[in-house]
Amino acid sequence: MTIGSRHARNAVFTVTAVPPSVVPPPRLRADACPGVLAPHDAADGALARIRLPGGVLTAAAARAVADCASQHGDGAAHLTSRGNLQLRGLRRADPHALSVLVGAGLVPSPTHERVRNVLASPLSGIAGGFADVRGVAARLDAAICATPALAALSGRFLFAVDDGRGDVAAEAPDLCWRARTSTTGVLLVAGTPVGAVALADAVDVLVKAAESFLSLGSAEWRAAEVPDAAGRVAAALALPDANERHSDATELRDGGVRSPGVGPEVGEVLRDDGARALVVAPVLGELSADDLRLLARLSPQVLVTPWRTIVLPSPEGIDPVAAAGFAVATDSPATLVSACAGSPGCAKSRADVRTDARTLIASASVTDRTHLVGCERRCGAPHGTHVALVAQADGSYTHSVTGRTA
Ligand code: SF4
């Protein structure tokens with residue numbers, strides 16, 4: 001099936017058609033990834049995860065999340081390591097608790113809400129990078145929701161659209177389009193390049209690649225777990241050679257694939273147009289309802305990153321967010337410390353790790369990326385090397401240096 005031209009000088013390429021009704025692979029266990037319509041029962045109430053494709057949070061959506069958090073939840077929205085938001089402490093039986101989120105357009109597809117996992121380089125079109133991928137995540141989200149077969153993806157399956165700087169490509173996505181120039185790029189399956197794809201075709205090819213992944217019939221949820229997923233998807237898509245040199249190629253301005261867990265630094269960012277953007281970090285990735293309403297007042301749209309930071313593309317200044325308690329500079333200890341839910345939110349936790357994390361931040365003694373957890377499951381651990389502090393029954397913490405790669 002022809003899906004479009006790459007650019008004027010290159011030939012049209014074809015993608016092998018995928019059967020319209022892909023048979024969902026048998027799952028060995030239930031997909032427990034929470035959503036808005038399928039919240040998870042936690043010790044402190046229901047937990048709802050709100051997908052934000054590309055991390056885009058509009059002012060209207062921020063206000064809706066704030067209302068839901070303050071009226072029905074624990075009063076805050078919690079950033080996740082996939083650039084999503086979570087609400088905790090919700091009363092499951094309350095029919096009004098989540099209707100405000102649906103009304104704000106945060107659940108555009110009941111059948112696909114948990115598979116709308118799309119990262120995008122948050123500074124794309126603002127500062128650096130190769131291509132301007134703003135809007136691609138939204139178009140990919142719409143295409144995913146319009147493809148019935150993709151409802152069978154796992155809630156853990158991750159798409160990424162990388163503008164060439166390698167930031168979200170390093171977050172272990174299952175499928176990633178990564179720019180090489182302003183108009184050309186490459187498709188990666190579980191990190192392996194499988195073919196050249198123009199920016200104009202990225203959405204179509206990512207959808208076809210996801211369908212192709214499902215057609216492999218594997219019971220595994222992630223592409224990295226399936227033997228030779230990259231080779232098998234590549235064979236189905238028959239894309240041009242990923243190593244093909246492009247006559248319009250230029251050098252990446254921001255290097256190759258970054259270390260996982262490394263996003264834009266907190267602080268002011270000089271935009272390509274000479275203005276200033278701002279990257280801020282809420283303490284422990286927690287946005288109070290007042291924080292959300294402040295962000296909604298300051299910007300028509302903010303970007304939630306998978307590094308638990310927020311990008312304000314065109315802030316009026318740094319003072320309002322600094323006064324609200326956000327970390328606004330890289331030397332803030334708050335930028336180094338994260339924590340799982342801990343007690344009382346998680347019944348497995350041996351400690352109130354979030355209170356301990358706040359104490360650690362206040363001590364200003366932390367010098368390395370540090371993640372506190374209430375048990376060995378290590379939920380929410382950042383990608384990349386970090387210090388893991390694991391709570392013990394006696395109130396102490398074990399200490400180890402670790403790195404999660406997937
Ligand atoms: S790491 Fe353990 S204590 Fe923390 S949220 Fe996960 S299961 Fe609960």
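Student: How confident is the predictor in this predicted model, as an average pLDDT?

Tutor: The model is predicted, and the protein averages a pLDDT of 87, with 86% of the residues scoring at least 70.

Student: Over which residues does the pLDDT stay under 50?

Tutor: Residues 1-23 form one such stretch, for which the model has 41 contacts beyond four places in sequence. Residues 245-256 also have a pLDDT below 50, and this stretch has 16 contacts in the model beyond near neighbours in sequence. Where pLDDT is low, the predicted coordinates should not be read in detail.

Student: Why are helices H4 and H5 called oblique to each other?

Tutor: The axes of H4 (residues 202-215) and H5 (residues 229-237) cross at roughly 120 degrees and come within 9 Å. Roughly perpendicular covers 65 to 115 degrees, and roughly antiparallel requires an angle over 145. The angle of roughly 120 degrees belongs to neither class, and H4 and H5 are therefore oblique. The crossing in which H4 passes H5 is right-handed.

Student: Which residues make the contact between H4 and H5?

Tutor: From H4 come Val205, Lys208, Ala209, Ser212 and Phe213, and from H5 come Ala229, Val233, Ala236 and Leu237. By class, this contact of H4 with H5 has seven nonpolar residues, one polar and one charged.

Student: What makes H1 roughly antiparallel to H6?

Tutor: Helix H1 (residues 59-72) packs against helix H6 (residues 289-298) at an angle of about 165 degrees, and their axes are 8 Å apart. Angles over 145 degrees count as roughly antiparallel, so the pair H1 and H6 receives that description. The crossing of H1 and H6 is left-handed.

Student: Which residues of H1 and H6 meet?

Tutor: Ala59, Ala62, Arg63, Val65, Ala66, Ala69 and Ser70 in H1 meet Ala289, Leu292, Arg293, Leu295 and Ala296 in H6. The contact of H1 with H6 has nine nonpolar residues, one polar and two charged.

Student: How do you know that H3 and H4 are oblique to each other?

Tutor: Helix H3 (residues 136-145) and H4 pack at an angle of about 40 degrees, with axes 9 Å apart. An angle under 35 degrees would count as roughly parallel, and roughly perpendicular begins at 65. The value of about 40 degrees fits neither range, and H3 and H4 are therefore oblique. Their crossing is right-handed. In the contact, H3 contributes Val136, Arg139, Leu140, Ala143 and Ile144, while H4 contributes Ala202, Val203, Leu206 and Val207. The residues of the contact of H3 with H4 divide into eight nonpolar, no polar and one charged.

Student: Is the peptide bond from Ser343 to Pro344 cis or trans?

Tutor: This peptide bond is cis, with omega near 5 degrees. Most peptide bonds are trans. Pro344 is found in the loop between strand E16 (337-339) and helix H8 (353-363).

Student: Is the phi of Asp228 positive or negative?

Tutor: Asp228 has a positive phi of about 50 degrees although it is not a glycine. Most residues other than glycine have a negative phi. Asp228 is found in the loop between H4 and H5.

Student: Which residues are around the ligand?

Tutor: They are Cys340, Ala341, Gly342, Cys346, Lys348, Ser349, Val373, Gly374, Cys375, Arg377, Arg378 and Cys379. The residues of this shell divide into six nonpolar, three polar and three charged.

Conventions. Residues numbered from 1 in each chain as written. Predicted model: local features only at pLDDT ≥ 70, side-chain atom pairs only at ≥ 80, totals over all residues. Near = placed C-beta within 6 Å. Nonpolar A, V, L, I, M, F, W, Y, C, P; charged D, E, K, R; others polar. pLDDT = per-residue confidence, 0-100. Contact = placed C-beta atoms within 7 Å. Axes fitted to C-alpha atoms, helices over the stretch in contact; angles between N-to-C directions. Helix = DSSP H or I, 4+ residues; strand = E, 2+ residues; numbered from the N terminus. Left-handed = near helix turned anticlockwise from the far one by under 90°.
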